[in-house]
Amino acid sequence: MTLGLQVHLITGDTTLAAHPVAQQLKIPNVTANALPQDKVTALRDLADKGHKVLMVGDGLNDTGALAAAHVSISPASAIDAARVASDIVILGQSLAALSDCVTTSRAARSRITENFALAAVYNLIAVPFALAGLATPLMAALAMSASSITVTLNAWRVR
């Protein structure tokens with residue numbers, strides 16, 4: 001487990017090829033000799049159990065699974081079909097950027113949740129004032145601008 005994620009290696013390669021790679025990368029869940037449909041089935045089974053599935057693949061036999069995953073990533077060196085089926089394409093040869101993708105997505109989700117909360121608080125305060133006729137157009141414009149700037153600055157914190 002890395003970053004709190006359950007990692008699976010599902011490959012069309014033989015057991016002799018898959019297990020040494022899994023051991024080196026400390027991946028506990030290994031499925032070798034998987035056909036393209038086996039990969040899709042495995043991802044759907046994980047999704048049916050409530051998991052949000054991130055698929056990483058680079059070959060033609062990965063395209064169905066890439067499309068079936070909640071989020072999919074391919075390296076830039078992947079075949080065209082895999083890159084097209086992916087949500088994210090990582091530039092360069094290293095997959096080290098995967099952890100950055102997960103970390104950034106978690107930070108972004110946190111900022112989105114905060115921004116929804118900020119917007120809700122703004123509306124809980126501003127709407128009653130507007131309905132009561134206590135807000136002038138200038139006050140409303142300033143409050144809306146301040147709200148938009150606050151949400152934007154909060155979103156920038158993801159950087």
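The questions and answers below walk through a predicted model, beginning with its basis.

Colleague: What kind of model is this, and what pLDDT do local features need?

Modeller: Residues are numbered from 1 along each chain as its sequence is written, and side-chain values use heavy atoms, with hydrogens and water left out. This is a predicted model in which totals for chains, interfaces and linings use all residues, side-chain atom pairs count only at pLDDT 80 or more, and local features need pLDDT of at least 70.

Colleague: Which strands stand at the edges of the open sheet of three strands?

Modeller: Helices (H or I, at least four residues) and strands (E, at least two) are DSSP runs numbered from the N terminus, and two strands pair if DSSP finds at least two bridges between them. The open sheet has three strands in the order 3-4-5, with parallel pairing. Each edge strand has a single partner strand, so one side of each is left without a neighbour in the sheet; these are strand 3 (54–56) and strand 5 (88–90).

Colleague: Which residue of strand 5 does Pro-75 stand opposite?

Modeller: Strand 4, residues 71–75, runs parallel to strand 5 and is joined to strand 5 by three bridges. Opposite Pro-75 stands a residue in strand 5, namely Ile-90.

Colleague: What angle does the direction of helix 5 make with that of strand 5?

Modeller: Angles run from 0 to 180 degrees between N-to-C directions, using axes fitted to C-alpha atoms, for helices over the stretch in contact. Helix 5 (residues 97–131) packs on the sheet and touches strand 3, strand 4 and strand 5, where contact means heavy atoms within 4.5 Å. The direction of helix 5 makes with that of strand 5 an angle of about 145 degrees.

Colleague: Is Lys-26 buried or exposed?

Modeller: Lys-26 is found in the loop between helix 1 (15–25) and strand 2 (29–31), and its phi is near 60 degrees, a positive value in a residue other than glycine. Buried means under 20% relative accessible area, exposed over 50%, and partly exposed in between, with a 1.4 Å probe and protein chains only. Because its relative accessibility is 69%, Lys-26 counts as exposed.

Colleague: Which helix supplies the largest share of the largest nonpolar core?

Modeller: A nonpolar core is a set of buried Ala, Val, Leu, Ile, Met, Phe, Trp, Tyr and Cys residues joined through side-chain atoms within 4.5 Å. The largest one has 12 residues, among them Ile-10, Val-40, Leu-43 and Met-55. Helix 2 (36–48) and helix 3 (63–68) each supply at least two residues of this core. The largest share, three residues, comes from helix 2.
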